[in-house]
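Visitor: I have a few quick things to ask about what is on the screen. Could we go through it bit by bit?

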Amino acid sequence: MTQLYSTLAEVYHEMYQHVFDYDVEFQFYNTILKNNNCHKILEIGCGSGMLARRFLGNGYHYLGLDLYNEMLDIARREVGSDRFVQGDMRNLKFDTQFEAILITGRSLAYVIENHGITSNFEGVFNSLINNGLFVFGVFDAKQIFDNFSDFEQNIEHGSKKIRRISHLEKNLATGWTWDWKAKYIIEQDGKVSEFDDLTTLRAFTRDEIEIFLKLAGFNIAETIDEGKAFTVIARKE
Ligand SMILES: C[S@@+](CC[C@H](N)C(=O)[O-])C[C@H]1O[C@@H](n2cnc3c(N)ncnc32)[C@H](O)[C@@H]1O
């Protein structure tokens, strides 16, 4: 199981501020939400709260959910809000309904088994108002497996240097899944520490996503191509 959101949660938080452009991400979701008059939202896989800060700052009625308390502790600290709950996206239960539910940062990649996807989609369906919007991004199986190669990232955050060497292996055990073996080498004030991490991730074809959504009762409104990923906007109708 990955350590990226537990032992390495602070490293994730520091590193991904330089990997993702959260202003651009926020504007992407903000445009979709505004166009559909959605104000009361749930963000699944909210991580360390980088989008939460922007949603709350822009007046959304926001709740963030994540599996890992280590990520939520950072989110609460960074955003200064208690609008976060711990939970597993495969087992969603709320006593309220939302106008829109987002799964951000391609977090659905961590749900590698079919029954996890169906449980998530059913939970999202039940947690949305009628006509509510479900917006999520996933890795595109064709793009991932056509361009399957190891990679390395070097990131500087203040006085800290983070080097991540990623080795990928196809496993295809539960779908378009692969093992991501990552070595983190962290250097600060002359001290070096190393961590090895193993994560299994899943990509999807558009047909797979369409079938899963139909089974849960959703209609796809739009699919937005993003190269190695795509975002789906679906509606509970
Ligand atoms: C790639 S990170 C994205 C975090 C954040 N959206 C961002 O863009 O920085 C994936 C997130 O999904 C969360 N996650 C993984 N499996 C989950 C599950 N079963 N239920 C809820 N959250 C989960 C992780 O803890 C992590 O915060």
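Guide: Gladly, and one term comes first: helices (H or I, at least four residues) and strands (E, at least two) are DSSP runs, and they are numbered from the N terminus. Please also keep in mind that this is a predicted model.

Visitor: OK, then where is Asp 95 found?

Guide: Asp 95 sits in the loop that connects β3 with β4, the latter being residues 98–103.

Visitor: And is Asp 95 buried or exposed?

Guide: Asp 95 counts as exposed, because there are just 5 C-beta neighbours inside 10 Å, and a residue is called exposed when 12 or fewer other C-beta atoms lie within that distance. Along the chain Asp 95 is 32 residues away from Ser 127, and the C-alpha atoms of these two are separated by 8.4 Å.

Visitor: New topic, the strands. How many of the residues of strand β2 are buried?

Guide: Five of the six residues in strand β2, which covers residues 61–66, are buried, so this strand is largely enclosed by the rest of the structure.

Visitor: Which strands does β2 pair with?

Guide: Strand β1, residues 40–44, pairs with β2 in the parallel sense over five bridges, and in this pairing Ile 44 stands opposite Leu 65 of β2. Strand β3, residues 84–86, also runs parallel to β2 and is joined to it by three bridges, with Gly 64 standing opposite Phe 84 in β3.

Visitor: What does the chain cross through from β1 to β2?

Guide: From β1 the chain goes through helix α3, residues 50–57, before it reaches β2, and this β-α-β crossover is right-handed. A right-handed β-α-β unit is also made by β2, helix α4 (residues 69–79) and β3.

Visitor: Which residues of α3 are buried, then?

Guide: In α3 the buried residues are Met 50, Leu 51, Ala 52 and Phe 55, and the elements that cover the buried residues of α3 include α2, β1, β2 and α4. After α3 comes Gly 59, which has a positive phi near 85°.

Visitor: Back to β1 for a second. Why does Leu 42 count as buried?

Guide: Leu 42, which lies in strand β1, counts as buried because it has 25 C-beta neighbours inside 10 Å, whereas 20 or more are needed for that label. If we set aside residues up to four places away in sequence, Leu 42 touches Leu 63, Leu 65, Phe 98, Ile 101 and Ser 127. Leu 42 and Leu 102 are 60 residues apart in sequence, yet their C-alpha atoms are 6.2 Å apart in space.

Visitor: You mentioned a positive phi on a glycine. Which residue other than glycine has a positive phi?

Guide: Asn 131 is one, with phi near 75°; Asn 131 lies in strand β5, residues 128–139, and counts as exposed, with 12 C-beta neighbours inside 10 Å. Asn 37 is not a glycine either, and its phi is positive at about 55°. The place of Asn 37 is in the loop between α2 (22–35) and β1, and with 10 C-beta neighbours inside 10 Å Asn 37 counts as exposed too.

Visitor: Let's zoom out. What does the domain assignment give?

Guide: The assignment gives domain 1, made of 9–139 + 203–236, and domain 2, which is 142–200. The C-alpha centres of domain 1 and domain 2 are 23 Å apart.

Visitor: How many residues of each are in contact?

Guide: In domain 1 there are 12 residues in contact with 14 residues of domain 2. On the side of domain 1 that touches domain 2, helix α1 (residues 9–16) provides the largest share, three residues, and by class that side has six nonpolar, three polar and three charged residues.

Visitor: Where does Asp 179 lie?

Guide: Asp 179 lies in strand β8, residues 176–188, and is partly exposed, with 14 other C-beta atoms within 10 Å. Leaving aside neighbours within four places in sequence, Asp 179 is in contact with Glu 169, Asn 171, Leu 198 and Thr 200.

Visitor: Last one: how many residues surround the ligand?

Guide: There are 20 residues around the ligand, and the closest are Gly 45, Gly 47, Met 89, Gly 105 and Ser 107. The residues of this shell divide into 12 nonpolar, five polar and three charged.

Note on methods:
Residues are numbered from 1 along each chain as its sequence is written. This is a predicted model: local features need pLDDT of at least 70, side-chain atom pairs count only at pLDDT 80 or more; totals for chains, interfaces and linings use all residues. A residue is near a molecule or strand if its C-beta atom, placed from the backbone, lies within 6 Å of it. Ala, Val, Leu, Ile, Met, Phe, Trp, Tyr, Cys and Pro count as nonpolar, Asp, Glu, Lys and Arg as charged, and the others, Gly among them, as polar. Domain bounds come from an automatic or database domain assignment. Two residues are in contact if their C-beta atoms, placed from the backbone, lie within 7 Å. Two strands pair if DSSP finds at least two bridges between them. A crossover is right-handed if, with the strands pointing away from the viewer, the path from the first strand over the helix to the second runs clockwise.
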